[in-house]
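Welcome! Take a slow look at the chain below, and then we will walk through it together.

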Amino acid sequence: MNEKGSKRREWVKTAAIIFLSVLLVLTFFSNTIMNYSLPEVAAQYVQSGTITAKIRGTGVVESGDPYNVMVNETRKVASVAVKAGDTVQKGDVLVYLEDQESDELKAAQDALETARDNVETAQNAYYAALLSADINTEVLQSVGESSVSGYLQRIVDAHTAVEQAQKEVDDWTQKVNAFKTQISITPENDADVSAETKALNEAKTAKENADFALTEAQNRLKAIESQLEYENSVSDGNAGAAGNIDELIRQRNQAQLAVISAQTAADNANLAYERAQTALENKTATGDNASDIASLQNQQAKAQAELDAATNRLTEKTNVLGEMSQALNLDSQYDAIVKAQEEVAKAEEELQKQMEKSIGAVVTADVAGTVTSINVTAGESTSAANPVAVLQPEGKGFSMSFSVTNDQASRLAVGDRAELVNAWRYEDVEVTLSGIRPDTTDPGQKKLLTFNVTGSVTAGQTLNISVGQKSANYDMIVPNSAIREDNNGKFILIVETKSSPLGNRYYATRVDVEVLASDDTQSAVSGGLYGSEFVITTSTAPVEAGQLVRLADS
């Protein structure tokens with residue numbers, strides 16, 4: 001029994017020693033074990049230095065001067081002949097309409113029918129009053145008539161004369177309107193100047209570029225000459241200064257040659273622009289329709305003279321009929337006829353307008369350009385309030401815009417050229433800064449940059465660009481890999497150290513920042529920083545604010 005008890009105590013003692021040994025080892029190496037379970041991060045201190053700013057932004061291309069294609073009556077669309085992005089010439093078909101009357105045309109026809117019915121009703125009332133009239137001898141004597149039947153016949157004849165005169169006026173009115181319509185659709189110039197216009201725009205761009213290059217070369221020469229003048233004034237036999245002067249003289253000579261070269265290029269570009277203008281003017285002159293328009297205007301004037309004469313005859317015959325009716329005290333009935341006839345004339349004029357609008361079953365392009373949007377599909381009806389299509393006229397530019405901080409905007413100038421991200425995807429697209437103005441959403445802190453866009457783009461297309469090449473010094477610069485972003489904005493994670501009985505612990509702490517400028521590798525930031533922070537750049541696993549991390553071995 002004693003042997004068994006002794007062995008059991010020995011086993012318990014041994015187990016206790018092993019347990020305490022393991023516990024001691026775990027205690028001493030717990031820091032190392034825990035560290036290996038933490039994300040490993042690489043970090044570096046915030047630095048100061050220079051960044052050549054590239055301000056980046058994304059904008060949607062918009063039409064600079066859109067042309068809305070309108071249809072002023074309600075018509076059902078049969079089919080659409082183009083799509084967004086297509087290039088069209090003046091007169092090209094955009095939309096085919098179903099061969100049916102518009103709602104406005106039907107309404108005008110109904111109004112004319114009603115007006116004519118009103119005339120007939122007024123005339124019947126007049127004739128009834130006329131037949132029942134008590135014609136006395138004095139009335140007959142005043143008009144030189146011996147019998148009642150003869151007097152009534154004279155009134156009927158006067159009515160007939162008025163109706164014939166009215167028909168004559170209507171016929172000449174229709175002819176005059178036809179000449180007006182023909183004149184309105186005859187262009188003053190029908191020459192195709194698209195090629196010359198394009199050449200002029202290209203020459204204008206080349207001229208502006210050459211002028212800009214000349215200004216840059218002249219400014220550089222002035223700067224070198226000013227520096228040379230300063231060095232000469234302070235040299236006073238200094239050997240080092242003499243070396244600077246020699247170098248500046250060499251730079252001045254090169255700058256003078258650059259100015260001469262730029263001046264030659266600018267002169268050539270100006271000459272090419274003037275020649276393009278002359279070519280456009282000459283081509284425009286070949287399409288003069290002045291003689292045709294003058295002939296139509298002459299015919300219209302003759303038709304108008306006939307209309308005026310017919311109108312005078314109608315007035316005379318209407319006055320005769322009015323005088324005869326007045327003798328029988330039938331003024332009110334006669335006035336009703338005149339008023340109803342006036343309503344007929346108005347209804348006929350409105351019907352003529354609607355018929356002219358409804359001529360043809362197609363909608364064509366009034367200008368050459370690019371289709372930016374089509375707002376109807378087959379089976380839909382057009383509306384006078386909404387355009388069926390929107391065109392970007394040929395030769396008119398596009399624009400885009402995005403917002404930046406005031407500090408970023410201060411390093412830009414109107415005329416700066418922007419670079420396209422993934423430029424290989426675009427053949428001939430050029431983006432130039434055209435305006436800097438306060439952003440209405442935050443006018444105190446931000447500016448809205450507006451760019452002119454030329455080349456093979458369409459409205460609605462999204463472009464990513466970078467602009468600006470001016471260098472500036474910044475107090476706090478971090479690698480681009482350190483910049484993070486979430487729904488609350490941009491931030492960085494810095495390493496903070498806390499002491500513990502088992503050694504130092506490292507924590508990731510969030511600091512919200514604003515990116516002031518960036519290049520391809522680093523960014524200048526502002527925020528709650530002192531300039532000596534240890535910024536996390538990369539990690540072996542995702543890291544969040546407040547999380548324990550371990551530092552990578554240097």
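Let us begin with a definition: helices (H or I, at least four residues) and strands (E, at least two) are DSSP runs, numbered from the N terminus. With that in hand, we can place a residue: threonine 537 lies in strand β22, which covers residues 534-539.

Before going on, two notes on what you are looking at. This is a predicted model, in which local features need pLDDT of at least 70, side-chain atom pairs count only at pLDDT 80 or more, and totals for chains, interfaces and linings use all residues. Residues are numbered from 1 along each chain as its sequence is written, and side-chain values use heavy atoms, with hydrogens and water left out.

Now for the whole chain. Its secondary structure comes to nine helices and 23 strands. To speak of surface, we use accessible areas from the Shrake-Rupley method with a 1.4 Å probe, where for residues only the protein chains shown count as cover. The chain has an accessible surface of about 33200 Å², and 50% of that belongs to carbon and sulfur atoms. A residue is called buried under 20% relative accessible area, exposed over 50%, and partly exposed in between (1.4 Å probe, protein chains only). Of the 554 residues, 31% count as buried. A contact means heavy atoms within 4.5 Å. Among contacts in the chain with a separation of 6 or more, 76% are made by residues 24 or more positions apart.

Let us return to threonine 537. Is this residue buried or exposed? Threonine 537 is buried, because its relative accessible area is 13%. Leaving aside neighbours within four places in sequence, threonine 537 is in contact with Ala42, Ala43, Gln44, Pro479, Ser481 and Ala482.

Next come the sheets. Two strands pair if DSSP finds at least two bridges between them. One open sheet has seven strands in the order β3-β16-β13-β14-β15-β12-β4, with antiparallel pairing. Its edge strands are β3 (55-60) and β4 (62-63), each of which pairs on one side only. Inside that order, strand β13 (residues 417-420) and β14 pair in the antiparallel sense over two bridges, and alanine 418 has valine 431 in β14 as its bridge partner. Strand β12 holds threonine 405. Threonine 405 counts as buried because its relative accessible area is 13%. Beyond its neighbours within four places in sequence, threonine 405 is in contact with Gln445, Lys446 and Glu514. As you follow a strand, keep one rule in mind: in a regular strand the side chains alternate between the two faces of the sheet.

Another open sheet has four strands, ordered β5-β11-β10-β7, with antiparallel pairing. β5 (67-69) and β7 (87-88) stand at the edges with a single partner strand each, so one side of each is left without a neighbour in the sheet. β5 and β11 run antiparallel and are joined by three bridges; here asparagine 68 stands opposite valine 390 in β11.

Other pairings can be followed from strand to strand. Strand β8 (residues 93-97) pairs with strand β6 (residues 77-80) in the antiparallel sense over three bridges, and β8 also pairs antiparallel with strand β9 (residues 362-364) over three bridges. Tyrosine 96 in β8 stands opposite serine 79, and tyrosine 96 also stands opposite valine 362 in β9. Similarly, strand β17 (residues 471-479) pairs antiparallel with strand β2 (residues 47-52) over five bridges and with strand β21 (residues 522-527) over three.

For a look at a helix, find asparagine 124 in α2 (residues 103-131). Asparagine 124 counts as partly exposed because its relative accessibility is 46%. Its C-alpha atom is separated by 9.5 Å from that of isoleucine 337, although the two are 213 residues apart along the chain.

Finally, let us turn to empty space. On a 1 Å grid over the protein atoms alone, a pocket is an open set of points where a 1.4 Å probe fits, with protein on both sides within 12 Å along at least five of seven lines; lining residues have an atom within 4 Å of a point. Grid points are joined across faces, edges and corners, and a volume is the space filled by probe spheres set on the points. The largest pocket holds about 1500 Å³ of space. Its lining has 37 residues, and the closest to its centre are Asn201, Thr205, Val453, Thr454 and Gly455. Which element gives the most to this lining? That is α5, with 10 residues.
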